[in-house]
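Trainee: Could you take a close look at the backbone of this model for me, going through the places where the local geometry departs from the usual pattern? I would like one connected account.

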Amino acid sequence: MLAMAKTRIKMTGFADFADFDAIGLAELVRTKQATPAELLDAAIARASRVEPGINAIPIRHDNYARAQIARGLPDGPFHGVPFLLKDITLLEGTQTHYGSRAFQPYAADRSSTLTERYLRAGLTFFGKTNSPEFGLSFTTEPLVHGPTRNPWNLAHSTGGSSGGAAAAVAARILPVAHATDGGGSIRVPASCCGVFGLKPTRARNPMGPDRLEGWAGMSHAHVVSLTVRDSAAMLDATHGPELGSPYAVPPPQRPFLEEVSRAPGRLRIAFADRHPDGSAIDGEIASAVREIAALLEALGHSVEEGAPKTSIDTASVSRAIIGVNTALTLRQRAAELGRPIGLDDVEFVTFALQTVGVQTSGADYLAATVAMHQAGREFAAFFEKFDVFLSPTLCLPPLELGRLDMMSRDVESYIGLISRYVPGPAIFNMTGQPSMSVPLAWSQSGLPLGMMFGARFGDEATLFRLAGQLEQARPWRNRKPPVCA
């Protein structure tokens, strides 16, 4: 069957399954140039070839996908397209480990609301991608499943926490994969792996049914993808309120997919090539920011240096909110297991965060949420003057594996490295605004350097229009990592 699939795909004029994005694959199925089973076989074969080197998909359920096809798939926009969920998301009847020994094994008895929308879109689910424990790190090196390796250089990190998803897409196992972002976890791996990653506006996609918000509204879910149009079309398939949604978000004026091909007009863009504290960052990254700023000006936009400011202590806010949520997660798991959770179950940084959460008072937690909303007001004022803010996704190139060690007892040094490496993305989780990482630069050593763009609350449309323009002006789709050779 796989040989037949390859033959039929080659008849379309493309060299390989990896040349298609998800919209293209769905079109193959719609026009009967390929079947869902053939596309699934091709994705599985691709995974078999590259997975031993990158370790992106530790949980496989190929038979679940085959059973989906045998039962008949919904006639959705991605009918027959292979897909992967991140290992912190539920799909009924399959394993989810949350990147943790505490959840190995754990079989889901329900699906998340977002997963149900993916199912209705016609996707086939053949596995789950690697995640650090509970999505708590900016590298993907969980003890329970081992490290995911960057397809551009196997000694380097994929970023986190959606590192398995970004690696799988970069390695062309599939063109789009589920991802989540509570402080940069879509955009950081997208930057490290040279793919496109948009974090949508708070509440654009559902988070339920178990918790209708994640991390006090900081956690958002969507995908990483090879192309901008796949990200837009996937958001068209999944966005909208769910029963009991605690937030409202402005509805889109038109399908997000239509925005990708629309001219963005002359945007007012501010940019910063320094750390948010004003200090210098990696020289190659700073130079890349200035180069993209010049490109934006050449494309007709109004570009000037400037950055939004906030009066809040973002690190303290994150620590309180994530600590309390981690404590709740471990308390619930302890109740399920009928015993306390200890260091034999979770990694040291996770345990330390739980301790912070237990020690955080209700008043302190509420103060953190008030501060987060204050940042939202401060950023909203900045975006009255500017349409878009450009900054580096990361202030250092992708780290070597082992640099961010969640078993380290030196938690302050661990946090200190994060503050130098990933200082920018989390503020957009706190304000709830959409933000994207676009693969527009590479280091001299061949590592991707993503550029981050943020826009007003509810304004994914501007980001998709700008991303579509940049994709045409500085295309990245045909730039493939060494593992694709």
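Mentor: Lys 32 is exposed, because its relative accessible area of 68% lies over the 50% cut-off. This lysine sits in the loop that runs between helix H2 (22-30) and helix H3 (36-54), and in this predicted model its phi is near 60°, a positive value in a residue that is not glycine. As background to that value, most residues other than glycine have a negative phi, and most peptide bonds are trans.

A positive phi also occurs at Phe 134, where the angle is about 55° although the residue is not a glycine. Phe 134 belongs to the loop between strand E3 (124-129) and strand E4 (149-150), and its surroundings can be read from its accessibility: Phe 134 counts as buried, because its relative accessibility of 11% is under the 20% cut-off. Set side by side, then, Lys 32 is exposed, whereas Phe 134 is buried.

The peptide bonds deserve the same care. Gln 104 and Pro 105 are joined by a cis peptide bond, with omega at about 5°, and Pro 105 is placed in the loop that leads from strand E2 (82-86) to helix H5 (113-120). Further along, the bond from Gly 208 to Pro 209 is cis as well, its omega being near 10°, and here Pro 209 lies in the loop between strand E7 (196-199) and strand E8 (220-225).

Conventions
Residues numbered from 1 in each chain as written. Predicted model: local features only at pLDDT ≥ 70, side-chain atom pairs only at ≥ 80, totals over all residues. Heavy atoms only, no water. Helix = DSSP H or I, 4+ residues; strand = E, 2+ residues; numbered from the N terminus. Buried < 20%, exposed > 50% of the residue type's maximum accessible area, 1.4 Å probe, protein only.
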